[in-house]
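Here are my notes for when you next have the model open. I have set them out as numbered points, so please read them with the structure beside you.

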Amino acid sequence: MKRGFYTIMSAQFFSSLADNALFVAAVELLRTGGAAEWQRAALVPMFALFYVVLAPFVGAFADSMPKGKVMFISNAIKVMGCVLMLVGLHPLMAYAVVGLGAAAYSPAKYGILTELLPASQLVKANGWIEGLTIASIILGILLGGQLVGQAVASRMLAFDFPVLDTGIDTAPEAAIFIMIFIYALAAWFNLRIPHTGVEMRAMPANPLQLVPDFWTCNSRLWRDKLGQISLATTTLIWGVSGNLRYIILAWSAAALSYSTTQASSLSGVVALGTAVGAAVASMRMRLDMATSVMPLGIAMGLLVILMNFIGNVWVAAPFLIMLGAIAGFMVVPMNALLQHRGHNLMGAGRSIAVQNFNEQACILGLGAFYSLSAGMGLSAFGAITAFGLVVASVMWLIQRWHRSNCVQYRDEVEHLLKIARHDNPHG
């Protein structure tokens, strides 16, 4: 791997670490403030909101300047969201601002991989990035859980700045204050990401011109016989896993009577399994083999339902590791294939923006459904059953879709697979 790749990894690690610790802190801030269950569940779709609303613009923005600069600006927006949360803006609104920063960050984070590396290294690079991201999710969730716990929080709140009154009086507020410094560290790494030499594409004078361009890119990727399969698969997996992050917190409280600090530790276990699965996929899978992982998605959906029958942490921990490993093994090659097809069809930033739009729209839709259901009294057990059935059935339909493509468009699929086997984008 080129040296700049490790700088990208470092920046991604600390930004993702803060994202996940902040999520736990925001959940606890709402809980201690007496907010209803549906508001805590709504944190997930609120984070996804700007991914969907600004999808036509963030890809072009990422392609308009060096991606390290884009990532720096994005982390600055995340810091602003933390500050707004501390000065009293409703946590749901402030967390949406953090989501705005994340929406701008993502096309640059993944898009720079296709600029920096050849196609033959994309699966490996995705394995490293996803593995490191999952490690940051584990540590971020654990960090957030510990920061809002009484043992650590009492020591942080006892610390007094001379002269300055911060106005930070609760454990969640202290945790959010710490996140500002972690985002700042990520921004420092952003400034050290090298230029890839890829020609920048200027933003149009009228940004609204990007809307039809975005829908053209979206349609182009959905029409591509490999792009559509990888996009459908990653959209589903991320849509469900994005909401499971909160559902596991709710399930841990219902099934195991866990506090937020204890439940955050169990959420980290899922991420641990995902890291293992991502690492194995990066070593074993090739770009042209990506579609072979689809049967695992059906199995994953059925396994999710089995969570309802687990009431012991010693059974839950290895089960969640296995669940995470399946997700990690699936996502890495599918993400790589999607990036490869998108880069060839429309450019890195725009293709990642299309991917984010579809995935975050799925997170937004499923999150809104869960939040509404929680407001109407649906239990965590019912939500888990619904999610499992959705994953298994939709993955089965996607698998049949790909098989149909292999029969009806055999020559086209073979040509695209041939391109995926070579670093030369023209095959």
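1. Let's begin at Thr291, which sits in the loop between helix 12 (260-284) and helix 13 (294-305). Helices here are DSSP runs of H or I with at least four residues, numbered from the N terminus. Before going on, please keep in mind that this is a predicted model, in which local features need pLDDT of at least 70, side-chain atom pairs count only at pLDDT 80 or more, and totals for chains, interfaces and linings use all residues. Residues are numbered from 1 along each chain as its sequence is written, and side-chain values use heavy atoms, with hydrogens and water left out.

2. Is Thr291 buried or exposed? Its relative accessible area is 15%, so Thr291 counts as buried. The scale is under 20% relative accessible area for buried, over 50% for exposed and partly exposed in between, with a 1.4 Å probe and protein chains only. Not counting residues up to four places away in sequence, Thr291 touches Leu226, Ile229, Met334, Leu337 and His402; contact means heavy atoms within 4.5 Å.

3. Thr233 belongs to helix 11 (residues 227-256). With a relative accessible area of 1%, Thr233 is buried. Its contacts, again without residues up to four places away in sequence, are Met294, Met330, Met334, Met395 and Ile398. You will recognise Met334 from the Thr291 list. As a distance check, the C-alpha atoms of Thr233 and Ala316 are separated by 26 Å, and the two residues are 83 apart along the chain.

4. Helix 14 (residues 313-346) passes a simple length test. Its 34 residues should span 50 Å at 1.5 Å a residue, and its end C-alpha atoms are 47 Å apart, which agrees. The expected span is 1.5 Å times one less than the number of residues. Helix 14 is mostly covered, with 24 of its 34 residues buried. At its start, a side-chain oxygen of Asn312 comes to within 2.7 Å of the backbone nitrogen of Trp314.

5. Helix 9 (residues 171-190) can be treated in the same way. The expected span for its 20 residues is 28 Å at 1.5 Å a residue, and the end C-alpha atoms are 29 Å apart, which agrees. Helix 9 is also mostly covered, as 14 of its 20 residues are buried.

6. Which residues have the most contacts inside the largest nonpolar core? They are Leu22, Phe23, Met179, Tyr246, Trp251 and Leu320, in a core of 126 residues. Helix 1 (residues 3-32) gives the most to this core, with 15 residues. A nonpolar core is a set of buried Ala, Val, Leu, Ile, Met, Phe, Trp, Tyr and Cys residues joined through side-chain atoms within 4.5 Å. Leaving aside neighbours within four places in sequence, Tyr246 is in contact with Phe23, Val27, Glu37, Arg40, Ala41, Val44 and Tyr370. A second, separate core of ten residues includes Ala55, Phe214, Leu231 and Val354.

7. Gln12 lies in helix 1. Gln12 is buried, with a relative accessible area of 3%. Leaving aside neighbours within four places in sequence, Gln12 is in contact with Tyr105, Lys109 and Thr133.

8. How many cavities of 30 Å³ or more does a search of the whole structure find? There are two. The largest has a volume of about 1,000 Å³. It is lined by 49 residues, of which Asn20, Ile137, Trp238, Ser241 and Gly242 lie nearest its centre. On a 1 Å grid over the protein atoms alone, a cavity is a set of points where a 1.4 Å probe fits but cannot get out, and lining residues have an atom within 4 Å of a point. Grid points are joined across faces, edges and corners, and a volume is the space filled by probe spheres set on the points.

9. Ser257 is worth a look for its backbone. Most residues other than glycine have a negative phi. Ser257 has a positive phi of about 55° although it is not a glycine. Ser257 lies in the loop between helix 11 and helix 12, and at 62% relative accessibility it counts as exposed.

10. Finally, Glu414 lies in helix 17 (residues 410-420). At 41% relative accessibility, Glu414 counts as partly exposed. The C-alpha atoms of Glu414 and Leu226 are separated by 9.9 Å, with their positions 188 residues apart along the chain.

Terms used
Helices (H or I, at least four residues) and strands (E, at least two) are DSSP runs, numbered from the N terminus. A polar contact is a pair of N or O atoms within 3.5 Å; within protein, one must be able to donate a hydrogen and the other to accept it, and residues adjacent in sequence count only if both atoms are side-chain atoms. On a 1 Å grid over the protein atoms alone, a cavity is a set of points where a 1.4 Å probe fits but cannot get out, and a pocket is an open set with protein on both sides within 12 Å along at least five of seven lines; lining residues have an atom within 4 Å of a point.
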